[in-house]
Every structure is written in structure tokens, then in C-alpha cells.
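Could you sit down with me and go through this protein one feature at a time? I'd like to learn how to read it.

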Amino acid sequence: MLQIEHVTKRYGKTVANDDISFSVESGQIAVLLGPNGAGKSTIIKSIAGLLRFQGKVTLDGHANKSLEAKRILGYIPEMPAVYDLLTVSEHLEFMRRAYRMEDDGYGETLLRRFELWEKRDKLGKELSKGMQQKLSICCALVHRPKVIIFDEPMVGLDPHAIKELKDLFRELKAEGAALLISTHMIDSVEDYWDVTHIMKDGKFAATKHNTSEELQSQSLEELFFAITESQVAE
Ligand code: ADP
């Protein structure tokens, strides 16, 4: 569903992504795990069509910058970008209009889940950082995307919202969406993932599948620290 082929992104002399290839299938949750500066945001932004890069990214066979790809993409950025002068409800209305869709009630469902329904008449600028993050998640999901990319989605969320988000990950997976989640917090990954790519210096240092056989040989945490510590030793 989501295909990344030989993506390289440089900022001047910094190689933020170095020839990265991987794919995420429908019904799969892939995690990008890595320390700050590993290149997670860069690959996420490249997929979202926000950066120029070398290589190829396709969503359901469509080039990532095409309209067809954008229709099926949901992107939750690291920094929520809400409109100061739109209310919570108006944000969802804006998204539905952008995607030319009728109100099917899903927006309300999402707002209720994230405890924003009571805040639906509040302006974007009146929301706390955590509420803005939750609104950003609702906006990215209201058109029922098939490919969803989350950049550090847990940061700034309260425990209730984190639980809702984790439940939502599992539901979206069950509905057949392809999910890609970046995080530097190993604890937040838990058990819902299918494949985790551990990133270091713009590359995949290791890829681990969530099968009992693989996890018996080495836990994700052990692998992560083995890689991170080797980074410190260098
Ligand atoms: P992560 O999301 O894993 O923390 P990033 O993708 O943000 O990592 O950054 C990867 C590398 O690219 C880092 O060395 C970072 O300093 C660099 N970088 C990221 N954004 C920019 C930018 N806009 N200009 C220059 N360098 C950048």
C-alpha cells in the first residue's frame, strides 16, 4: 500500500535519509524507532510530499504528490498546525470540504473519543497544546485514509488520549489501513506493531518483526539499546 524506494534526502552536507527502502502493507503497523536526529521526521515528511528527495514514494501505486495519493493519505505532523480562528467543529468541516465528502458522523465519533466534543465551539487558538494535537489527529483521520503516517504522535498527549490513540491504531489496522508511526519512545511501541525499523544516522540499523521467534532471540528494547550504545561508543 505504501512503498518507499531508495529515498535519499540531504540538507546541505547532512544526509538525513540514506537510500531508504521499505513498504507498509494494508492492515500492517510499521514503526520507525530511533533517537533524535536519526531521520524519522525526514522520511515522514518526504512521504507526506513536503520535501524534495531522491527516490520514489507511492501510495497504492500512485506517486505521493499526486491527487490520488493525497486522497488516501492521513498525516499527523509532529507539531499540530491548527487554525487560530476556526472552531474545533469548523476544522472538521474544512477537512470534509477539502475532500468533498458529506458529514457521515465520523468526525463527531473522533471528537468524542478524544474528549473534544464538548470543546467543539472553541477556537483553535483557545486550545491547549495537547488538545491541538488531538484535533490534528481527528482532522487527519476524518476522510478515512488508507495510509496513515504519524510523526511522534504520543508527545504532549494525556494518558486518556494515549490509550484512545493506541486503541485507534489497532482498529485502523483491523479495518485494513497501512500505518506508519515514528517515535523515539520505546515504551510507547508496546505490542501493537507488526514491524519496527530501528533508525540510526539516516539508515535502518535493524528491522524486527513482531513474531514470537524473533522476539525470543532479542527484545526490541535490547536491540534498540545495543544499537544506541554502539552509536555512543563511535
Ligand atoms: P528525527 O525525526 O529522527 O529526530 P530528523 O529527520 O528531524 O530526525 O533529522 C535528521 C537529520 O537531519 C538531523 O541531523 C537533523 O539535524 C537534520 N535536519 C532535519 N531537518 C533539517 C533542516 N530543515 N535543515 C537542516 N538539517 C535538518
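What follows is a short dialogue between a learner and a teacher.

Q: Before we start, what kind of model is this, and how are residues numbered?

A: This is a predicted model, where local features need pLDDT of at least 70 and side-chain atom pairs count only at pLDDT 80 or more, while totals for chains, interfaces and linings use all residues. Residues are numbered from 1 along each chain as its sequence is written, and side-chain values use heavy atoms, with hydrogens and water left out.

Q: Which strands make up the sheet of 6 strands, and in what order?

A: First, the terms: helices (H or I, at least four residues) and strands (E, at least two) are DSSP runs, numbered from the N terminus. Two strands pair if DSSP finds at least two bridges between them. Here the order is β6-β7-β8-β3-β9-β10, in an open sheet with mixed pairing. At the edges are β6 (73-76) and β10 (203-209), each pairing on one side only. Ignoring direction, neighbouring strands of this sheet are turned by 15° against each other on average. For angles, axes are lines fitted to C-alpha atoms (for helices, over the stretch in contact), and angles run from 0 to 180 degrees between N-to-C directions.

Q: What packs on that sheet, and which strands does it touch?

A: Contact means heavy atoms within 4.5 Å. Helix α5 packs on the sheet, touching β6 and β7, and its direction makes about 170° with that of β6.

Q: How many bridges are there between β7 and β8?

A: β7 and β8 pair in the parallel sense over 5 bridges. To find your way on screen, look for Ile 149, which stands opposite Leu 180 in β8.

Q: Now β3: is that strand buried or exposed?

A: Buried means under 20% relative accessible area, exposed over 50%, and partly exposed in between (1.4 Å probe, protein chains only). In β3, 5 of the 5 residues are buried, so the strand is largely enclosed by the rest of the structure.

Q: Which way do the side chains of β3 point?

A: In a regular strand the side chains alternate between the two faces of the sheet. In β3, Ile 29, Val 31 and Leu 33 point one way, Ala 30 and Leu 32 the other way, and all are buried.

Q: Which strands run parallel to β3, and by how many bridges are they joined?

A: β3 runs parallel to β8, joined by 5 bridges, and Ile 29 has Leu 179 as its bridge partner there. β3 also runs parallel to β9, joined by 4 bridges. In β9, the partner of Val 31 is Thr 196.

Q: What surrounds Thr 196?

A: Thr 196 lies in strand β9 (residues 195-200), and it counts as buried because its relative accessibility is 0%. Leaving aside neighbours within four places in sequence, its contacts are Val 31, Leu 33, Val 189, Ala 206, Thr 207, Lys 208 and Leu 220.

Q: How does the span of helix α6 fit what is expected?

A: The expected span of a helix is 1.5 Å times one less than its number of residues. Helix α6 (residues 159-174) has 16 residues and reaches 23 Å from first C-alpha to last, close to the 22 Å expected. Its buried residues are Ala 161, Glu 164, Leu 165, Lys 166, Leu 168, Phe 169 and Leu 172. They pack against several elements, including α4 (106-113), β7 (147-151) and β8 (178-183). Just after α6, Gly 176 takes a positive phi of about 100°.

Q: Where else is phi positive, in a residue other than glycine?

A: Try His 6, with phi near 50°, in strand β1 (residues 2-11). Another is Arg 144, with phi near 55°, in the loop between α5 and β7. Arg 144 counts as partly exposed because its relative accessibility is 46%.

Q: What is the order of the sheet of 4 strands?

A: That open sheet runs β2-β1-β4-β5, with antiparallel pairing. β2 (14-24) and β5 (62-63) stand at the edges with a single partner strand each, so one side of each is left without a neighbour in the sheet. In between, 5 bridges join β1 to β4 (residues 54-59), and Leu 2 stands opposite Leu 59.

Q: Last one: which polar atoms lie by the ligand's oxygen atoms?

A: A polar contact is a pair of N or O atoms within 3.5 Å; within protein, one must be able to donate a hydrogen and the other to accept it, and residues adjacent in sequence count only if both atoms are side-chain atoms. A polar backbone atom of Ala 38 is 3.1 Å from a ligand oxygen, and one of Gly 39 is 3.0 Å from a ligand oxygen. From the side chain of Thr 42, a polar atom lies 2.5 Å from an oxygen atom of the ligand.
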